[in-house]
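Reader: Could you take a close look at one part of this model for me, the aromatic pairs and the helices that carry them? I would enjoy a connected walk through the geometry.

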Amino acid sequence: MTTRINTLVLLAGLALAPFAAHAQDAKPAPPPTEAMPAWEQLSPAQRELLIAPVRDRWNREPERRPQFMEYAKRWKDMPPPQRDHARRGMERWEAMTPEQREHARAVFNFVHGMSKEDRRAFMGKWQQMTPPQRNEWVKAHPAPPAPMPPSKP
């Protein structure tokens, strides 16, 4: 179950990072959560501000709409602790450099499907590696390229 949660967290981070990055570009950080009103108390302008990045991406990438709906359904079905875990994963992903993201993709691809014990053993070795050793490992074990969206007719 932990592997599935970790997989969902990484996938959610990959899928939602562009939303968060776009939202961060548009406005400064919001006040603390406890100071923010419930959705029903937001003004129409505030609701529009929150929805606009999702609508823009929905319209810009019609071939990914089924995937977006699946992400939304999975998010809705997550219990609050799992959502918090996923949210923290997305925040970590957003803070990564491109090199760190490349490493994360390669490691995820490599450990995907391993037993918990094997994954822990590998991660122990990974943490012992120096940055140049990690770079060499990633070159030797690259993540597969992201699938290309279907071409438009």
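Author: Happy to; here is a walk from the overall fold to the aromatic pairs and then to the helix packing.

Please keep in mind that this is a predicted model. The protein has seven helices and zero strands, and along the sequence the pattern reads α-α-α-α-α-α-α. Of its 153 residues, 22% are buried. The protein exposes about 11300 Å², and carbon and sulfur atoms supply 59% of that area. If you take the contacts with a separation of 6 or more, residues 24 or more positions apart account for 57% of them.

Now to the rings. A pair of aromatic rings is described by the distance of the centres and the angle of the planes. Searching the whole structure gives six aromatic pairs. One of them joins Trp58 and Phe68: the ring centres are 6.4 Å apart and the planes meet at 40°, so this pair is tilted. For that label, recall that planes under 30 degrees apart count as stacked and those over 60 as edge-to-face. Trp58 belongs to helix H2 (residues 44–60) and Phe68 to helix H3 (residues 65–77), so the pair ties together parts that are 10 residues apart in sequence.

The two partners can also be looked at one by one. Trp58 has a relative accessibility of 31%, which counts as partly exposed, while Phe68 is buried, with a relative accessible area of 9%. The cut-off for buried here is under 20%. Leaving aside residues up to four places away in sequence, Trp58 touches Arg65, Phe68 and Met69. Met69 sits 11 residues from Trp58 in sequence, and their C-alpha atoms are 9.9 Å apart.

A second pair is worth your time. Where Trp58 and Phe68 are tilted, Trp126 and Trp137 are edge-to-face, with 5.6 Å centre to centre and 80° between the planes. Trp126 lies in helix H6 (residues 116–128) and Trp137 in helix H7 (residues 131–140), so this pair ties together parts that are 11 residues apart in sequence. Both Trp126 and Trp137 are buried. They also belong to one aromatic cluster, formed by Phe110, Phe122, Trp126 and Trp137.

That brings us to the helices behind this pair. Two packed helices are described by the angle between their axes and the distance between the axes. For H6 and H7 the angle is about 130° and the axes are 8 Å apart, which makes H6 oblique to H7. On the H6 side, the contact is made by Phe122, Trp126, Gln127 and Gln128, and on the H7 side by Gln133, Arg134, Trp137 and Val138. Sorted by type, the residues of this contact are four nonpolar, three polar and one charged.

For a companion case, turn to helix H4 (residues 80–95) and helix H5 (residues 98–111), which pack at an angle of about 130° with their axes 8 Å apart. That makes H4 oblique to H5. Here Trp93, Glu94 and Ala95 of H4 meet Gln100, Arg101, Ala104 and Arg105 of H5. The residues of the contact divide into three nonpolar, one polar and three charged.

To return to your rings: the Trp58 and Phe68 pair is tilted, and the Trp126 and Trp137 pair is edge-to-face. Trp126 and Trp137 also take part in the contact of H6 with H7.

Technical notes
Residues numbered from 1 in each chain as written. Predicted model: local features only at pLDDT ≥ 70, side-chain atom pairs only at ≥ 80, totals over all residues. Heavy atoms only, no water. Phe/Tyr/Trp six-rings, centres within 6.5 Å; stacked < 30°, edge-to-face > 60°. Helix = DSSP H or I, 4+ residues; strand = E, 2+ residues; numbered from the N terminus. Buried < 20%, exposed > 50% of the residue type's maximum accessible area, 1.4 Å probe, protein only. Axes fitted to C-alpha atoms, helices over the stretch in contact; angles between N-to-C directions. Parallel < 35°, antiparallel > 145°, perpendicular 65-115°, else oblique. Contact = heavy atoms within 4.5 Å. Nonpolar A, V, L, I, M, F, W, Y, C, P; charged D, E, K, R; others polar. Areas by Shrake-Rupley, 256 points an atom, 1.4 Å probe, with all protein chains shown as cover.
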